[in-house]
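Please prepare a short report on the structure shown below, keeping to its geometry and working from the chain's architecture to its metal site and its unusual backbone positions.

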Amino acid sequence: MKIEAIHMREVNMPLAHPFETSFGITTGRRILLVEVVSEGLSAWGECVAGEHPYFSDEMVDTAWHITETELAPRLLDVELESGRDCPALFEQVRGHRMAKAAIENAVWELDAMRQGVSLSKLLGGTREVIPCGVSIGIQPTPAKLMEKIDTEVSAGYQRIKLKCKPGWDEAIFTEVRERWPDITLSCDANSAYKLDDADRIATWDRFDLLMIEQPMWYDDFYFHAELQKRIKTPICLDECIRNRRDAQAALELGSGRIINIKVGRVGGFTEAIAVHDVAAKAGVPVWCGGMLETGIGRAHNIALSSLPNFSLPGDVSASKRYWSEDIIEPEVTVSSRGEIVVPTSPGRGFEVLPDRIDELSVRKQTLRKGATIVV
Ligand code: OSB
Ligand code: MG
């Protein structure tokens, strides 16, 4: 495969509902999409970097810059066997994993189209359906949260994850457990707690949570291990796992017992599969995290979630929870059993809607070997 052109677009999409985490509120997304073109085929990748560097040190503007000046030039006109060739091409560029992932994932998608196999199959997926959970943001009032939980439990989602932070935690968990003693419940702090909070977190075993996601610093393994020694509830690592070595180090240290894999956070499908394999070898389950993706990133998350060790419900849920209108067709839907069917058709298994993407685009750029065309 030779990539003849890379089209970059930034789309702006309002979220159907604001999403609040311990690091801020998101009301709309600015999303970098990349389209790679080769021999009459075109494939897409989505960059999950946020509007601000609040989840990680990347953001949409750094991703745009690095894609344009560093990543795309390394890929154009080079003979590629598969998406697995991308990490070596990008190796000289440190970090910027979300930017790298968008391009690499598009190359995997292109390869699947070229071979006429589903992306799931190409990645090594074995599941025909994937179990789905939801991530529910911090709400203006506890009553509003209870309403949201009620909606999602009734829709059939298999796991409810609550975003939390100091002041939106114990009282909330108590109220939720009084009303729903038996649902599979977890929480995600996005690094909102410090050492002084450890004694308090140690009392949360009483809520019977499936896991507590990234309670402490986004770059920490040591203090998570100290906390994990003191609690029965498994810690799930998100932000601090950047690659397979982090996964191995964290599991050997005992920093957590579950890993959330986000393909953007680890730099693409190649590394996501490697993290999956490290966890599988250690007997540690993984699940697929979400980053408020459009249908393109969502389709990629579905394919990744079909790998065997994705045994816990992921944050991969229906398009309509995020968007009034998605940029793929059909939109992603979840059955009343809380499952998504993994497509078996070639490539991503959903049609991309280029006209809709055009309407939503606020900047566009085409990169070819030796030429940059700004539209
Ligand atoms: O920590 O999982 C996270 C969204 C943005 C940034 C970080 C996270 C999230 C979510 C949303 O939890 C998951 C989703 O896409 O539904
Ligand atoms: Mg998280």
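The report below takes up the strands, the helices, the metal site and some backbone details in turn.

## Basis of the report

The coordinates come from a predicted model, in which local features are described at a pLDDT of at least 70 and side-chain atom pairs are counted at pLDDT 80 or more.

## The antiparallel strands β1, β2 and β3

Strand β1 (residues 5–21) pairs with strand β2 (residues 24–38) in the antiparallel sense, and 13 bridges are found between them. The two strands form a hairpin with two residues between them, and within this pairing His 7 has Glu 35 of β2 as its bridge partner.

Strand β2 also pairs with strand β3 (residues 41–47), again in the antiparallel sense, over seven bridges. One register point of this pairing is given by Leu 33, whose bridge partner in β3 is Glu 46. The hairpin of β2 and β3 has two residues between the strands, and Glu 39 in this hairpin takes a positive phi near 45°.

## The open parallel sheet

Seven strands make up an open sheet with parallel pairing, and their order is β5-β6-β7-β8-β9-β10-β11. The edges of this sheet are formed by β5 and β11 (286–288), each of which pairs on one side only.

At the β5 edge, β5 and strand β6 (residues 159–163) run parallel and are paired over four bridges, with Ser 135 standing opposite Lys 161 in β6. The side chains of strand β5 (residues 133–136) are divided between two directions, Gly 133 and Ser 135 pointing one way and Val 134 and Ile 136 the other way, yet all of these residues are buried. Elsewhere in the sheet, β8 is joined to strand β9 (residues 235–237) by two bridges in a parallel arrangement, and Ile 212 has Ile 235 of β9 as its bridge partner.

## Helices and their crossings

Helix α5 (residues 142–155) takes part in a right-handed β-α-β unit together with β5 and β6. The axis of α5 comes within 11 Å of that of helix α6 (residues 170–179), and the two cross at roughly 45°. At that angle, α5 and α6 are therefore oblique to each other, and the crossing in which α5 passes α6 is right-handed.

For helix α9 (residues 244–253) and helix α10 (residues 269–281), the axes come within 8 Å and cross at roughly 20°. Because angles under 35 degrees count as roughly parallel, α9 and α10 are assigned to that class, and their crossing is right-handed.

Helix α2 (residues 86–90) contains Leu 89, which has a relative accessibility of 24% and so counts as partly exposed. The C-alpha atom of Leu 89 is separated by 9.5 Å from that of Val 78, the two residues being 11 apart along the chain.

## The magnesium site

Which residues coordinate the magnesium ion (ligand 2)? The donors are Asp 188 (OD), Glu 213 (OE) and Asp 238 (OD), at 2.1 to 2.3 Å, and their spacing in sequence is D-x24-E-x24-D. Asp 188 in strand β7 (residues 185–188) and Glu 213 in strand β8 (residues 212–213) link distant parts of the chain, 25 residues apart.

Both of these donors lie below the cut-off of 20% relative accessible area under which a residue is called buried. Asp 188 is therefore classed as buried at 1%, and Glu 213 is likewise buried at 0%.

## Backbone details

Two residues that are not glycines stand out by their phi values, namely Asp 208, with a positive phi of about 50°, and Gln 214, with a positive phi of about 35°. Asp 208 lies in the loop between α7 (198–201) and β8, whereas Gln 214 is found in the loop between β8 and α8 (222–230). Are these residues buried or exposed? Asp 208 counts as exposed because its relative accessibility is 56%, while Gln 214, at 0%, counts as buried.

A cis peptide bond joins Glu 329 and Pro 330, with an omega of about -10°. Pro 330 itself is placed in the loop between β12 (328–329) and β13 (339–341).

Notes: Residues are numbered from 1 along each chain as its sequence is written. Chains are lettered from A and ligands numbered from 1 in the order in which they are written. Side-chain values use heavy atoms; hydrogens and water are left out. Donors are N, O and S atoms within 2.8 Å of the metal (3.2 Å for Na, K and Ca); water is not among the atoms, so sites may look incomplete. Buried means under 20% relative accessible area, exposed over 50%, partly exposed in between (1.4 Å probe, protein chains only). Two strands pair if DSSP finds at least two bridges between them. A crossover is right-handed if, with the strands pointing away from the viewer, the path from the first strand over the helix to the second runs clockwise. Axes are lines fitted to C-alpha atoms, for helices over the stretch in contact, and angles run from 0 to 180 degrees between N-to-C directions. Angles under 35 degrees count as roughly parallel, over 145 as roughly antiparallel, 65 to 115 as roughly perpendicular and the rest as oblique. A crossing is left-handed if the near helix is turned anticlockwise from the far one by less than a right angle, and right-handed if clockwise.
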